[in-house]
Each structure stands twice: as structure tokens, then as C-alpha cells.
Amino acid sequence: MSDTRTHPEAEPTIWPGLVVFSGMMLLILGGFQAIQGIVAIARDDYYVTTSSGLGLTLDYTAWGWTHLALGVITIAAAIGVFYGRTWARVIGIGIAGISALGNLLFLPAYPAWSIIIIGTCVLVIYSLAVHGREVR
């Protein structure tokens, strides 16, 4: 005979849903980063400012490869977050932080897009850092 008071069921909360949402946002963020990278690689003249107007003086092809690499790593971390992997949460937080800083430097070239990505990164960092382990 088991006593339910000795093994109470965990109360369901909304936080695992927020972490899954963050995994989806990481997936979307990775896709956005990859698209931004592909555009920068394919069409240097697409962005409004000159490369000397960026936070770091690099050509858009270098920025494009950086964004494309971040996008691919972010997509891999998102898949790991869906499986509740700790390494994926750590990588997701790190990539979201790097992505926010990278888009802060990319702000003069494409301000609206960069602000949206930075806001998304902040939400992802919060939910993975505070409630990430609740997905298991």
C-alpha cells in the first residue's frame, strides 16, 4: 500500500512550456542567423551602411560566415534543448549571448532586425538559465 503523501506528484507549472518555447526560439534564431549570414555572403550591397560603419571593421562576407556558423550551432543547441540536455542549455545560453553581442555590433547595418534578435536572445537566456532543468 503506497501513501501518496510520501511521494507527492510534482505540481505542473508553466516553466517547461517556456523552455520548450525557448528551444523553438533558438531554432528560429538559428534560422534567422543563417539567413542573415547567407544574405551577407551572397549580396554585400544588401545592407545599408558601409563595412566601416560596423562595430568591427570587417567585410560583409566575414560577417556572413560568422552569422551562418552561429546559426548552425544554434540550431544544434535547440535540438538538444528539446531533449533536455544540459550541454544544449549551456551552449544555448552562450550562443544567445554571443548572438546578442554580435547583433549589437551589426546594429548600424540593419537596426530593426538586430533589435528583434537581441530581444529574442534575452528571453532565451532567461528561460534556459532559470527554468531549463524543468524540461526533463
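## Nonpolar patch and helix burial in a four-helix chain

In this predicted model, V20, M24, I28, F32, I35, I79, F82 and Y83 form a nonpolar surface patch of about 720 Å². Two elements, α1 (15-42) and α2 (60-82), each give two or more residues to the nonpolar patch. Helix α1 provides the largest share, with five residues. One member of the patch, I28, lies in helix α1. Its relative accessible area is 35%, and I28 is therefore classed as partly exposed, a class that covers values between the 20% limit for buried residues and the 50% limit for exposed ones.

**Overall architecture**

The protein chain contains four helices and zero strands, and the order of its elements from the N terminus is α-α-α-α. Of the 136 residues in the protein chain, 36% are buried. The accessible surface of the chain amounts to about 7,900 Å², and carbon and sulfur atoms account for 71% of that surface. Among contacts with a separation of 6 or more, 71% join residues 24 or more positions apart.

**Helices α2 and α3**

The following table sets out the length and span of two helices.

| Helix | Residues | Span between end C-alpha atoms | Expected span at 1.5 Å a residue |
|---|---|---|---|
| α2 | 23 residues | 33 Å | 33 Å |
| α3 (86-105) | 20 residues | 29 Å | 28 Å |

For α2, the distance from the first C-alpha to the last is close to the expected value. For α3, the separation of the end C-alpha atoms likewise agrees with the expected span.

Helix α2 contributes a long list of buried positions: Y60, W63, G64, H67, L68, L70, G71, T74, A77, A78, G80 and V81. Glycine recurs in this list, at G64, G71 and G80, and the aromatic residues Y60 and W63 also belong to it. After α2 comes G84, which has a positive phi near 75 degrees.

Which residues of α3 are buried? They are A88, R89, G92, I95, A96, S99, A100, G102 and N103. Viewed down the axis of α3, the buried residues lie within an arc of 165 degrees and so line one face of the helix. V90 and L101, by contrast, are exposed on the other side of α3. The buried set of α3 includes the polar residues S99 and N103 as well as R89, whereas the exposed V90 and L101 carry nonpolar side chains.

Notes: Residues numbered from 1 in each chain as written. Predicted model: local features only at pLDDT ≥ 70, side-chain atom pairs only at ≥ 80, totals over all residues. Heavy atoms only, no water. Patch = residues over 30% accessible without salt bridge, like charges linked within 9 Å, V, L, I, M, F, W, Y side chains within 5 Å. Areas by Shrake-Rupley, 256 points an atom, 1.4 Å probe, with all protein chains shown as cover. Salt bridge = Lys/Arg side-chain N within 4 Å of Asp/Glu carboxyl O. Buried < 20%, exposed > 50% of the residue type's maximum accessible area, 1.4 Å probe, protein only. Contact = heavy atoms within 4.5 Å. Expected span 1.5 Å × (residues − 1). Arc of directions from axis to C-beta.
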